[in-house]
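Me: I would like a close look at one part of this model, taken slowly and with the numbers attached. Please keep to what can be read from the coordinates.

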Amino acid sequence: MASEAASAPDQAQPPASPPQPNKPGFFECPISNTHLHRKDIANIIHECKEESFYYRALPLSLGSMLATQGLVYKGFLSRNPRFGSLPKVALAGVLGFVIGKISYIGVCQSKFHAIGVHPFGKDFRPHHKRHCHHVCEECKSKNATNENKTTQPSSS
């Protein structure tokens, strides 16, 4: 009886097989099309927006505004007679923000490359299905025979 109780925990159920990916659709490449979860891509986009704001855009914007205000205060840049230093400081803030966002593109691009997505290419669109970029031997032979039939002149 004690041996039965000891052997029961040893008899574990076989591990469940991993979920099989969905079969590719008619126009999707069965070899190179990787199954990507939209949530993963959405998370990376959200991270990129947030990180580019806090790590690049905000510091560059505030720094350029502070430097511009200092230059106006010291007299290196002239004040606007009507608005004072506001236009120059606002323009410096906007330029710093834009430059900060643009400078973070490489980091975001590397995050997408890490999961196997190349989002800054010509084939990337939000709802674009990727087509096969390779051709198997069977398809090459079919295309070759079709081309030979169309290039041969008719004998009639």
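How many disulfides does the structure hold? Please describe that part, then the contacts that involve the helices it joins, and whatever else belongs beside them.

Reply: The model is predicted, and the values below are computed from it. The structure holds one disulfide. Its partners are Cys48 and Cys108, with a sulfur-to-sulfur distance of 2.4 Å. That distance counts as a disulfide because the cut-off is within 2.5 Å. In general, a disulfide is a covalent bond between the sulfur atoms of two cysteines.

The bond links distant parts of the chain: Cys48 sits in helix H2 and Cys108 in helix H4, 60 residues apart. Cys48 has a relative accessibility of 8%, so it counts as buried. Cys108, at 9%, is likewise buried. The limit for that class is under 20% relative accessible area.

Helices H2 and H4 are also linked through charged side chains. A search of the whole structure finds two salt bridges. One of them pairs Lys111 with Glu47, at 3.6 Å from N to O. This pair also links distant parts of the chain, with Lys111 in helix H4 (residues 105-114) and Glu47 in helix H2 (residues 38-74), 64 residues apart. Glu47 has 37% relative accessibility and therefore counts as partly exposed.

The other salt bridge is between Glu51 and Lys111, at 2.6 Å from N to O. Here again distant parts of the chain are linked: Glu51 belongs to helix H2 and Lys111 to helix H4, with their positions 60 residues apart. Glu51 is partly exposed, its relative accessible area being 22%. Because salt bridges that share partners are joined, Glu47, Glu51 and Lys111 form one network.

Taken together, helix H2 contributes Cys48 to the disulfide, and it also carries Glu47 and Glu51. Helix H4 supplies Cys108 and Lys111. The cysteines Cys48 and Cys108 are buried, whereas Glu47 and Glu51 are partly exposed.

One more feature belongs in the description, a patch on the surface. Val94, Phe97, Val98, Ile102 and Ile105 make a nonpolar surface patch of about 420 Å². Helix H3 (residues 86-103) gives the most to this patch, with four residues. Ile102 is found in helix H3, and at a relative accessible area of 54% it is exposed. The class of exposed residues begins at over 50%.

Terms used:
Residues numbered from 1 in each chain as written. Predicted model: local features only at pLDDT ≥ 70, side-chain atom pairs only at ≥ 80, totals over all residues. Heavy atoms only, no water. Salt bridge = Lys/Arg side-chain N within 4 Å of Asp/Glu carboxyl O. Helix = DSSP H or I, 4+ residues; strand = E, 2+ residues; numbered from the N terminus. Buried < 20%, exposed > 50% of the residue type's maximum accessible area, 1.4 Å probe, protein only. Patch = residues over 30% accessible without salt bridge, like charges linked within 9 Å, V, L, I, M, F, W, Y side chains within 5 Å. Areas by Shrake-Rupley, 256 points an atom, 1.4 Å probe, with all protein chains shown as cover.
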